[in-house]
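Please open the structure in your viewer and keep the sequence panel beside it. This tour suggests what to select at each stop and then says what is there.

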Amino acid sequence: MTTIRQRRVGKGTEAAEDQPSEETNVKPDGKIPPDPPGGKLWNILSITVGGIVAISLGLLTSVYVATLHENDLWFSNIKEVEREISFRTECGLYYSYYKQMIQAASIQQGLHGLVYDNKTESVRTINILERMNVYQEVFLSILYRILPIQQYLEPVYFYIYTLFGLQAVYVIALYVTSWLLSGTWLSGLLAACWYITNRVDTTRVEFTIPLRENWALPFFAVQIAAITYLLRTHLQPAQQRLTLVAVFIATFLFSLTWQFNQFMMLIQALALFILDCLDMLPTAKVTWLYIIQISGLLLVCVLQFFNSMILGSLLISFNVSVLIARTIQKNLKTGGLLTRLGKLILHVLLVLCLTLLINKFIKKILNLESDEHIFKFLKAKFGFGATRDFDAKLYLCEEAFGLLPLNTFSRLSSTLLFYVYGFVLFLLTVAAVIVAFRNLSGSNQAQLKEKMEEYTVTLKPDAAYNLVHTVLFGCLALSTMRMKYLWTSHMCVFASFGLCSAEVWKLLLKCLHVHTSQRTQVIKYSIPIITLLYISFKFWPGIMDELSELREFYDPDTVELMNWIKSNTPSTAVFAGSMQLLAGVKLCTGRTLTNHPHYEDKNLRERTKQIYQIYAKRSPGEVHGILRSFGTDYVILEDSICYERRHSRGCRLRDLLDVANGHIMDGLGENEPDLKPSVYPRFCEEIKKNLPSYTMHFTRVFQNKTFHVYKLAKHK
């Protein structure tokens, strides 16, 4: 088990930058008046300063997380095997393909090894580029090979520095989005500061470097920034075309780097659909965004050798359904309130039915079952019936897939982020409800328009999109803790935008009947500056202490295991064990695996369940037969799983296996009435007694405090 221990001493004012609301900056004839000469020069200066601040903050964030990673592990001082072990679970699996490409005799041979891989899953040849999102590892390995940097930079540093560099892109994108929404780069500065001071809840890049989300989320943030700019009014045709290209590139890169891209973009598509139905976004731009999502995902599908999971995604079915339904219902946005509501309900039902029909048809044609475990998990999670399904329970019992812990909000509140976010969210939600009602009512009365003018100004299309985006991703984060990083980073953007927005303060002051333009300007700058000072004085000492705290990587048992495997087993040996450990075995030793943590394949899920019988109550002969059917030469047993205490009864891996096998669980507590006692003891416990019934099939060849390795007899 890995621990991080203390390191041993030894080895070596900007008012003119604000952009007036587009609605108030237009002449009656629709033309935009030119800026005064002095104002144009000041805007250029402001944009230059704001850009420099954005780049500086992005680079500082990269250096910050890189320093934390070095200080936590003493990465520059530890051995290569320890560095590789630090890439835990699926992180190690992904990094192993980068290492494989680097060590290949040529780029062509490396690509051939990925397309025809027979070491990731024993007795099977799989296409890694089809099954997994590892094009980033391929691209980075090729870049490393062709650049003249091999003598100056180790491959592992080129890899991790690239990921830390992407954090700069991430922060700059958040900064720009907030700036675009509020019209002042002070808002971007506040968003970046909140992102850094809430690092525990906004990113985990410093300790899960190769994780797919760390590649994907910077591109997702760039896409949101581009969409925010696209939804501004009065864009020139050339500006709009360039922005659409930027949205497409960001969408494509996001989709290429993360297997869960389709689910994130489905939520994004739902946000666009809601706003389009409520007439709060330009329909033409929404249509382009639907098409970009589909085309980006299909391009990724082609690059992944027509991955069937992408073709059968709900996103493609939903977007196609929306476009078809809109063609059928051409007069959706006409009529009075009741007529519009009736049409809207029919439209939603039509889209829902078409989505389900198209998706079911595609999955039937392709015989697609790769993502069924996700829907089983969602069904069980939201209470649509209990489940004994092993795969669904495996997710349900993991803390990362549980509800967002309440202490998250206390941490976010300590930086004032959550308080400001709640304040802005409340104001803009009220404004959105009123604007939506007005749009649906279709009233053209001048008096009503004048009365509602402040709400229209406050809720421009770009603000409306970010409002619904943050609400939907907030719901996702609340239901699934692992997805909180999609919400908390955008929370920084949304809160800083509201605090620096003239429209938001104008709305509030008008409600309180104390509005003046001078008072609005004073508040929109003074409150953010006071907030920045508070954050700086409160958290700067803590950040400095964090950067000065030195630790080192310490996992001697796993290091001993990996060194033993490399020294004492043939390079063609096949290993069975837990998914998480085997990813490290592949990375550190290059041995063949029976299973691994990339769970998006039905055959692999069934194989993993069979391999995990080593922790169930099965006879030695049965376990031996199962393992040999997958070509296993060695099996690794872990005491941390066999005698697990991390999870409560009913969520331990051995409990999930017992229930799936129809056996009662160990320990005190209730069991379902149809479960029966097993006639065999637990395999992982009994094998250590060296009984003849076990030694005829298994021979112990290695053990330490954590791991036990057994060699399988090869019976005819």
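Begin by selecting Cys 642 and Cys 684, which in this predicted model are joined by a disulfide with an S to S distance of 2.0 Å. If you look along the S-S bond of Cys 642 and Cys 684, the torsion about it is about 80 degrees, so the disulfide is right-handed. Cys 642 belongs to helix H31 and Cys 684 to helix H33 (residues 683-686), so the pair ties together parts that are 42 residues apart in sequence. Cys 642 and Cys 684 are both buried, and you may therefore need to hide the surface to see them, because buried means under 20% relative accessible area.

Next, select Cys 397 and Cys 651, whose sulfur atoms lie 2.1 Å apart and form a disulfide. Here the torsion about the S-S bond of Cys 397 and Cys 651 is about -75 degrees, so this disulfide is left-handed. Cys 397 sits in the loop between helix H18 (390-396) and helix H19 (407-414), while Cys 651 sits in the loop between helix H31 (639-642) and helix H32 (653-660), so the pair ties together parts that are 254 residues apart in sequence. With a relative accessibility of 9%, Cys 397 counts as buried, whereas Cys 651, with a relative accessible area of 22%, is partly exposed.

How many disulfides does the count come to? The count comes to two, and when the bonded cysteines of the protein chain are numbered in sequence order, the pairing reads 1-3, 2-4. Now add Cys 277 to the selection: Cys 277 is in no disulfide, and the nearest cysteine sulfur, that of Cys 353, is 15 Å away. Cys 277 counts as buried, at 9% relative accessibility. Cys 353 is likewise in no disulfide, its nearest cysteine sulfur being that of Cys 277, and Cys 353 is partly exposed, with a relative accessible area of 44%.

For the following stop, turn to the cavities. The largest cavity has a volume of about 100 Å³, and to display its surroundings you can select the lining residues Tyr 170, Leu 174, Thr 177, Leu 217, Phe 220, Ala 221, Ile 224, His 469, Leu 486, Ser 489, His 490 and Val 493. Which helices each supply at least two residues of this lining? They are helix H7 (155-182), helix H10 (212-230) and helix H24 (484-499). Colouring the lining of the largest cavity by residue class would give eight nonpolar residues, four polar ones and no charged ones.

Then move to the second largest cavity, which has a volume of about 50 Å³. Its lining is made of Gln 167, Tyr 170, Thr 202, Thr 203, Arg 204, Glu 213, Asn 214, Leu 217, Pro 218 and Tyr 485. H7 and H10 are the elements that give two or more residues to the lining of the second largest cavity, and H10 provides the largest share, four residues. By class, the lining of the second largest cavity divides into four nonpolar, four polar and two charged residues.

After the cavities, switch to a cartoon view and find the open sheet of five strands, which has the order S4-S3-S5-S7-S6 and mixed pairing. The edge strands of this sheet are strand S4 (592-593) and strand S6 (698-703), each of which pairs on one side only. Select S6 together with strand S7 (residues 707-712), and you will find the two paired in the antiparallel sense over five bridges, with a hairpin of three residues joining S6 to S7. To follow the pairing residue by residue, show Phe 702, whose bridge partner in S7 is Val 709, and then Arg 700, which stands opposite Tyr 710 in S7.

The last stop follows a database record. Under "transmembrane region", an unreviewed UniProt entry lists residues 41-66, 156-174, 217-235, 242-260, 296-324, 344-362 and 416-437. Select residues 156-174 and you will find the chain 100% helix and 0% strand, with the end C-alpha atoms 28 Å apart. Finally, select residues 416-437, over which the chain is 95% helix and 0% strand and the end C-alpha atoms are 32 Å apart.

Technical notes: Residues are numbered from 1 along each chain as its sequence is written. This is a predicted model: local features need pLDDT of at least 70, side-chain atom pairs count only at pLDDT 80 or more; totals for chains, interfaces and linings use all residues. Side-chain values use heavy atoms; hydrogens and water are left out. A disulfide is a pair of cysteine sulfur atoms within 2.5 Å. Buried means under 20% relative accessible area, exposed over 50%, partly exposed in between (1.4 Å probe, protein chains only). On a 1 Å grid over the protein atoms alone, a cavity is a set of points where a 1.4 Å probe fits but cannot get out, and a pocket is an open set with protein on both sides within 12 Å along at least five of seven lines; lining residues have an atom within 4 Å of a point. Grid points are joined across faces, edges and corners, and a volume is the space filled by probe spheres set on the points. Ala, Val, Leu, Ile, Met, Phe, Trp, Tyr, Cys and Pro count as nonpolar, Asp, Glu, Lys and Arg as charged, and the others, Gly among them, as polar. Two strands pair if DSSP finds at least two bridges between them. UniProt positions are given in the numbering used here, feature names are shortened, and annotations may be inferred rather than shown by experiment.
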